[in-house]
Amino acid sequence: MDEAFKLKLSGVSSGYGAVDVVNGVSLAIRSGEIFALMGKNGMGKTTLLKTILGFLRVGEGKIEVDGTAITGRKPAELIASGIGYVPQELPLFQDLSIRDNLRLALKSDRDLASALDRVYGYFPFLEDRLAQKAGTLSGGEQKMLILARALMLRPKVLLIDEVSEGLQPSVVHNIANALRDDREKRGTTILLVEQNLDFALSVADRWAILKLGTIEDESSNGLDSRGRVLQHLKI
Ligand SMILES: Nc1ncnc2c1ncn2[C@@H]1O[C@H](COP(=O)(O)OP(=O)(O)OP(=O)(O)O)[C@@H](O)[C@H]1O
């Protein structure tokens with residue numbers, strides 16, 4: 001047991017049916033750390049996040065949060081215990097308002113006012129648009145709403161899947177600020193899956209490259225990181 005690490009993966013393998021997509025991944029992420037996991041398309045990044053969240057069975061290995069094994073636990077239990085998830089797709093109730101999309105994530109309406117205040121702090125535009133249907137927001141606004149919803153629940157560990165995909169630079173900048181701010185204020189531990197290396201390296205303390213389901217390279221975020229990551233991501 002190692003409580004110095006908030007999220008620890010030891011030799012984790014998982015996949016779909018008989019096919020392992022993630023092969024023996026070990027990662028140890030400290031409390032309050034922002035860790036970027038990068039890699040080309042189809043290398044297993046989303047599969048790894050879904051495995052941590054309990055959507056996919058761990059074939060081999062162990063996953064721990066705060067030194068306690070969570071391997072085999074159900075997604076609802078993990079999310080209730082403080083693992084937040086920002087998926088790559090846009091899981092919003094398109095016909096419901098921003099307010100109702102946020103409200104449905106809470107256990108009780110009692111928490112709504114304070115939760116909304118937190119959300120406005122991250123993305124102020126939400127306050128003026130509370131009654132707008134989520135489906136009528138732009139792609140970037142929907143991404144911010146999903147991130148706001150995840151942050152509103154005050155996760156201890158937040159797993160984020162390619163949140164910057166297709167977004168204009170100013171929105172990516174807002175998201176980077178929200179993540180830094182949440183980590184600063186609440187000590188949130190963040191595992192960020194990304195293809196946008198400039199965004200990833202602008203917020204991450206450390207990074208790793210996933211290639212064909214295994215960690216190919218890993219480092220603290222330093223002066224040589226950009227060139228090193230680029231080498232791994234080039235076609
Ligand atoms: N439900 C599924 N059933 C079978 N194979 C799948 C399933 N989902 C993903 N895969 C396969 O697993 C491999 C890894 O996919 P994954 O989505 O984890 O990659 P990724 O690194 O997140 O890629 P991207 O950056 O394109 O999102 C791919 O070959 C993909 O086709």
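Visitor: Which residue follows helix H7, and what is its phi?
Guide: Gly187 follows H7, and its phi is positive, near 70°. Keep in mind that this is a predicted model: local features need pLDDT of at least 70, side-chain atom pairs count only at pLDDT 80 or more, and totals for chains, interfaces and linings use all residues. Residues are numbered from 1 along each chain as its sequence is written.

Visitor: What makes H7 a helix?
Guide: A helix is a DSSP run of H or I with at least four residues; a strand is a run of E with at least two; both are numbered from the N terminus. H7 runs over residues 169-186, which is 18 residues, so it qualifies.

Visitor: How do you know that the span of H7 fits that count?
Guide: The expected span is 1.5 Å times one less than the number of residues. For H7 that gives 26 Å. Its end C-alpha atoms are 25 Å apart, which agrees.

Visitor: Which residues of H7 are called buried, and why?
Guide: They are Ile175, Ala178, Leu179 and Asp182. They lie on the same side of H7, because they cover an arc of only 95° around the axis, taken from the directions from the axis to the C-beta atoms. Buried means that 20 or more other C-beta atoms lie within 10 Å of a residue's own; exposed means 12 or fewer; partly exposed is in between; C-beta atoms are placed from the backbone.

Visitor: What lies on the face turned away, and what covers the buried side?
Guide: The face turned away carries the exposed residues Pro169, Ser170, Glu184 and Lys185. The cover of the buried residues includes strands S3 and S8 and helices H4, H6 and H8.

Visitor: Which residues of H4 are buried, and what makes them one side?
Guide: Ala115, Leu116 and Val119 are buried. Their arc is only 100°, which puts them on the same side of H4. On the other side, Ala113, Ser114 and Asp117 are exposed. Helices H3, H5 and H6 are among the cover of the buried residues.

Visitor: Why is Met152 called buried?
Guide: Met152 has 21 other C-beta atoms within 10 Å, so it is buried. Met152 sits in helix H6. Beyond its neighbours within four places in sequence, Met152 is in contact (C-beta atoms within 7 Å) with Leu102, Ala105, Ala115, Arg118 and Val119.

Visitor: What makes S9 and S10 a pair?
Guide: Pairing needs at least two DSSP bridges between strands. S9 and S10 run antiparallel and are joined by 6 bridges, so they pair. Lys211 stands opposite Thr214 in S10. Their hairpin has 2 residues between the strands, and Leu212 takes a positive phi near 45°.

Visitor: Which strands of the sheet S2-S1-S4-S5 are at the edges, and why?
Guide: The sheet is open, has 4 strands and pairs antiparallel. S2 and S5 stand at the edges, because each has a single partner strand, so one side of each lacks a neighbour in the sheet. S1 and S2 share 8 bridges. Gly15 has Asp20 in S2 as its bridge partner.

Visitor: What puts a residue in the shell around the ligand?
Guide: Its C-beta atom, placed from the backbone, must lie within 6 Å of the ligand. Residues in the shell include Tyr16, Val21, Lys45 and Gln195. Helix H1 gives the most, with 3 residues.

How values were computed
Contact = placed C-beta atoms within 7 Å.
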